[in-house]
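Please look through the sequence and the structure shown here before reading the report that follows.

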Amino acid sequence: MSVLNQKTINRDITFKGVGLHSGGNVTMTVKPAKPNSGILFKRIDIKENNIIVPNIFNVSSAVFCTTIANESGVSISTIEHLMGALYGLGIDNALVEIDNQEVPILDGSAKLFIEEISKAGIKNSEAPIKIIKIEKRIELNDGKKTISIEPSKVSLDIDFELKYENSLIGTQRNFVNVFESDLTDIYNSRTFCLFEDIEKLKEMGLAQGGSLENAIVVKNNEILNEEGLRNKKEFVNHKILDCMGDLYLAGYKIIGKVVCSQGGHKLTNQLLRQVFQQDENFSLIEITEKHLPNTFINKSHLRSIA
């Protein structure tokens, strides 16, 4: 089987944990799916209108996490770590059944998703993959935050920089080729916050399930987690994981180069929305070299509800 054929997982995989922001207990099962199904979420605690497509135009909120919703207002939040894991492993098709409104945060990274999917194994199909090839450079700016995407020959490159006034975090930058680099440090890197922001987040109804078990907490020049950091660039590496997950909301693998400074969920989503506004910005290509028209994309899945 070609590595360029569509893939799913071999068997059901179940994860149990709490939602980082909701604090609720959640059980989530990732199931195999047929070729050309894509990634779908299903809220099994809701009986009707419970399918949500993880797509850029279905992002209903990008504040501190990525939340998607369907036309009935049924939502799933904090999908970015799971989506980043699926993207990195090349999983094209899967059904994610979940009994609450938020993907379990687990240890705050994609590490456990990667481990369990690897244990279950990956199943190849005969169906060729489809990719989005960026044709034109697009750049967005939001104050000091910037992000751009431009054509690349055969890879998805992410060049990410973060800047914090906190001297322990400071300025970090890293570059990965999503299809060729060793992404272990990316998958293992946890979400993080400043100690002084915790109360603000809780007042906003966020981080209700947050703890040192699932997030790095930085207080002044100290990391409160006893084990410290997992890698030297864990802060920016987690941002790259988030970026990968948010990019997968394009629906297909992307061939292009992303350069981002101080961005996040919202800016990545805005960038992709701009890409899809004009057909000349991208091509949708079947890996057999058969070019597909942009109208191939199911517009009903792309309907904006944000």
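## A buried salt bridge

Glu 234 counts as buried because its relative accessibility is 0%, and the cut-off for buried is under 20%. This residue belongs to a model that is predicted, and its side chain meets that of Arg 190 in a salt bridge, with 2.8 Å from N to O. The pair links distant parts of the chain, since Glu 234 lies in helix 5 (residues 234–247) while Arg 190 lies in the loop between helix 3 (184–188) and strand 16 (192–194), 44 residues apart. Arg 190 is buried as well, with a relative accessible area of 2%.

## Other salt bridges

The structure holds 14 salt bridges, and one of them joins the side chains of Asp 159 and Arg 173 at 2.8 Å from N to O. Here too distant parts of the chain are linked, with Asp 159 in strand 14 (residues 156–163) and Arg 173 in strand 15 (residues 171–177), 14 residues apart. Asp 159 counts as buried at 11% relative accessibility, whereas Arg 173, at 45%, counts as partly exposed.

The side chains of Asp 197 and Lys 200 also meet in a salt bridge, at 3.5 Å from N to O, and Asp 197 is partly exposed, with a relative accessible area of 26%. In addition, Arg 137, Glu 139 and Glu 150 are linked in a network of salt bridges.

## Two domains and their contact

The domain assignment of the protein gives domain 1 (5–128) and domain 2 (132–294), and the centres of these domains, taken over C-alpha atoms, are separated by 18 Å. Their contact takes 39 residues from domain 1 and 41 residues from domain 2. Between them the domains bury about 3,100 Å², with 66% of this area on carbon and sulfur atoms. On the side of domain 1, His 21, Ile 56 and Tyr 87 supply 25% of the area buried against domain 2, which is more than any other three residues.

Two salt bridges are counted between the domains, and there are 22 residue pairs in polar contact between them. By class, the side of domain 1 that touches domain 2 has 23 nonpolar, twelve polar and four charged residues.

## Helix 1 at the contact

Which element gives the most to the side of domain 1 that touches domain 2? Helix 1 does, with nine residues. This helix, which spans 80–89, is mostly covered, with eight of its ten residues buried, among them Glu 80, Met 83 and Tyr 87. After helix 1 comes Gly 90, whose phi is positive, near 75°.

Notes
Residues are numbered from 1 along each chain as its sequence is written. This is a predicted model: local features need pLDDT of at least 70, side-chain atom pairs count only at pLDDT 80 or more; totals for chains, interfaces and linings use all residues. Side-chain values use heavy atoms; hydrogens and water are left out. Domain bounds come from an automatic or database domain assignment. Contact means heavy atoms within 4.5 Å. Buried area is the accessible area (1.4 Å probe) that two parts lose on being put together, summed over both. A salt bridge is a side-chain nitrogen of Lys or Arg within 4 Å of a carboxyl oxygen of Asp or Glu. A polar contact is a pair of N or O atoms within 3.5 Å; within protein, one must be able to donate a hydrogen and the other to accept it, and residues adjacent in sequence count only if both atoms are side-chain atoms. Helices (H or I, at least four residues) and strands (E, at least two) are DSSP runs, numbered from the N terminus. Ala, Val, Leu, Ile, Met, Phe, Trp, Tyr, Cys and Pro count as nonpolar, Asp, Glu, Lys and Arg as charged, and the others, Gly among them, as polar. Buried means under 20% relative accessible area, exposed over 50%, partly exposed in between (1.4 Å probe, protein chains only).
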